[in-house]
Amino acid sequence: MPSDLKAAKGTKDILPEEASAWQHVEETSRRHFALYGFEEIRTPIFEPTELFNKSTGSETDIVTKEMYTFTDRSERSLTLRPEGTPGVVRAALEHALLRKGEVERLYYIGPMFRYERPQKGRSRQFSQIGVEVFGSAHAAVDAEVMEMVLALFRKLGVAQSSLQVNSVGCAACRPRYRTALQEALAPYRDKLCPDCVKRLDTNPLRILDCKVPGCIEIRQKAPSILSFLCEECRQHFEQVRGLLDALGVAYQVNERLVRGLDYYTRTTFEVASSSLGAQDALCGGGRYDDLVASMGGPATPGFGFAIGADRLVMVLSESPGRDITAPPADVYVVHLGAAGLKEALVAARKLRESGLAARLDPDPKDVKKQMSRASAWGARYALIIGERELERGAYTLKRMSDGFQRELRAGDWDEVAREIAAGGGHAVGA
Ligand code: HAM
């Protein structure tokens with residue numbers, strides 16, 4: 001009977017059939033990042049609330065409206081992390097990972113929490129796969145890391161993704177743009193949404209990525225941030241673009257890409273997928289050269305991104321012809337009688353030692369029933385250990401796709417594993 005107890009709004013269970021797609025995405029990401037010299041960091045899921053006020057930004061939607069904040073039994077204010085970057089910077093400072101002149105490359109995978117209106121591709125608990133590079137302001141980092149994320153998407157088989165890049169300038173040139181933007185949009189104050197009316201005074205750049213149709217129209221009147229960049233920022237952006245070209249990475253410049261977090265300087269970017277609908281950003285990130293110092297650390301430039309893993313899995317499972325969700329199902333060991341069960345347990349153990357996925361029925365009815373369980377599991381082979389086989393000191397190996405059978409000598413595990421591997425699919429020893 002279904003229970004009244006349900007997952008909280010905006011959260012979901014990942015059931016076994018979907019979990020293998022998650023594992024595939026996470027493992028592929030880990031291996032891919034390692035090729036670029038990244039190492040994993042795992043930080044706590046909750047942090048002192050002030051961390052996010054000081055880093056994500058006290059005027060951002062995330063901090064003002066979306067955080068899960070609570071006081072613990074000692075009256076400390078804690079917050080479930082809404083993004084990964086602040087915790088990684090805090091940990092890097094706390095454990096002195098940022099040594100002068102060295103570049104530190106870190107990645108993380110895990111859940112984040114934002115109190116947002118749930119819709120397709122947007123939930124209150126979601127998972128990010130993120131990276132942060134500390135210690136170099138060079139445009140080569142920006143280009144290499146953007147190339148890395150696109151290569152990962154290609155490896156995973158993401159179809160139709162596009163990279164958009166922009167520069168939001170630095171503390172020297174952005175204030176001039178801010179003023180120009182306020183002046184350009186002030187005449188339209190009463191046509192902006194209530195949030196953007198506030199933003200016009202507090203954080204006008206955020207108007208550029210408001211999703212309300214009226215605001216989208218008004219921002220056509222906004223000047224381009226690119227024409228306000230100082231000479232250093234202009235050159236940096238030019239270098240980023242030149243290096244993306246050199247790496248053969250296709251991109252579009254989107255001068256309205258400002259992103260919803262306060263710490264960005266210079267490069268910002270997003271990768272979107274046209275198959276996602278309104279929440280189409282698969283990944284977002286950029287450069288944050290002032291963040292570490294603003295959190296009390298030594299002046300250390302930074303660059304990073306986070307992929308929305310839920311969206312990535314969604315895109316992959318919707319791609320036609322892709323079957324990343326199938327876990328390996330190599331051999332179902334079919335057996336009869338007490339002697340058969342013992343032999344079957346040993347067989348399953350030996351096959352697993354060779355890297356093959358094996359299952360058996362601990363409480364079997366008859367061979368027919370076991371064969372139907374083997375197909376329900378999706379097994380490529382059935383290894384049959386019946387009375388006739390036990391008498392003859394042999395096993396029957398049956399290929400499920402076409403019923404082809406071969407008799408093999410009992411206990412010759414190498415031969416069994418070789419035969420299964422030759423049948424294609426899952427690799428022996430993988
Ligand atoms: P963000 O753009 O806020 O950036 O989030 C990155 C990605 O997380 C988004 O592109 C999206 O795929 C996913 N995401 C965000 N909110 C939700 C949600 N409610 N439901 C599902 N997916 C979501 C950051 O978080 C920065 N920390 C990225 C970064 C790292 N910048 C520099 N380093």
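Of the 430 residues of the protein chain, 49% count as buried, where buried means under 20% relative accessible area, exposed means over 50%, and partly exposed lies in between, computed with a 1.4 Å probe on protein chains only. I should state at once that this is a predicted model, in which local features need pLDDT of at least 70, side-chain atom pairs count only at pLDDT 80 or more, and totals for chains, interfaces and linings use all residues. Residues are numbered from 1 along each chain as its sequence is written, and side-chain values use heavy atoms, with hydrogens and water left out.

Let me continue with the overall build. The C-alpha trace of the protein chain spans about 90 × 55 × 45 Å along its principal axes. The chain contains 15 helices and 16 strands; these are DSSP runs numbered from the N terminus, with helices (H or I) of at least four residues and strands (E) of at least two.

I turn to strand E5, residues 104–113. This strand is mostly covered, as 9 of its 10 residues are buried. Which strands pair with E5? Strand E1, residues 39–40, pairs with E5 in the parallel sense over 2 bridges, while strand E6, residues 125–134, runs antiparallel to E5 and is joined to it by 10 bridges. Two strands are taken to pair if DSSP finds at least two bridges between them. Leu 106 in E5 is a useful residue to locate on the screen: Glu 39 stands opposite Leu 106, and Leu 106 also stands opposite Glu 132 in E6.

A further contact concerns helix H1, residues 16–35, which holds Arg 31. At 55% relative accessibility, Arg 31 counts as exposed. Its C-alpha atom and that of Leu 152 are separated by 9.8 Å, although the two residues are 121 residues apart along the chain.

The next topic is charge pairing. Side chains of opposite charge can pair when their charged atoms come close. The structure holds 29 salt bridges, each defined as a side-chain nitrogen of Lys or Arg within 4 Å of a carboxyl oxygen of Asp or Glu.

I have selected several for discussion. Glu 50 forms a salt bridge with Lys 54, and their closest N and O atoms are 3.4 Å apart. Where do Glu 50 and Lys 54 lie with respect to each other in helix H2? They are 4 residues apart in this helix, residues 49–57, and so are separated by about one helical turn. Glu 50 is partly exposed at 48% relative accessibility, whereas Lys 54 is exposed at 54%.

Arg 388 and Glu 389 form another salt bridge, with 3.6 Å between the closest N and O atoms. Here Arg 388 is partly exposed, at 48% relative accessibility, but Glu 389 is buried, at 6%.

In a further salt bridge, Glu 407 and Arg 392 bring their closest N and O atoms to 2.7 Å. Because Glu 407 lies in strand E16 (residues 405–409) and Arg 392 in helix H14 (residues 387–392), this pair ties together parts that are 15 residues apart in sequence. Glu 407 is partly exposed, with a relative accessible area of 38%, and Arg 392 is exposed, at 52%. Finally, a network of salt bridges links Asp 61, Arg 199, Arg 206 and Asp 209.

I come now to the cysteines. How many disulfides does a search of the whole structure find? The search finds 0 disulfides, a disulfide being a pair of cysteine sulfur atoms within 2.5 Å. The sulfur of Cys 193 has its closest cysteine sulfur in Cys 196, 3.7 Å away, which is too far for a bond. Cys 215 is likewise in no disulfide, and its nearest cysteine sulfur, that of Cys 193, is 3.7 Å away. Cys 193 is buried, with a relative accessible area of 12%, and Cys 215 is buried at 1%.

I close with helix H6, residues 174–185. This helix gives the most to the lining of the second largest pocket, with 3 residues. On a 1 Å grid over the protein atoms alone, a pocket is an open set of points with protein on both sides within 12 Å along at least five of seven lines, where a 1.4 Å probe fits, and lining residues have an atom within 4 Å of a point. The lining comprises 14 residues, and Arg 174, Arg 178, Asn 203, Leu 205 and Asp 262 lie nearest the centre of the pocket.
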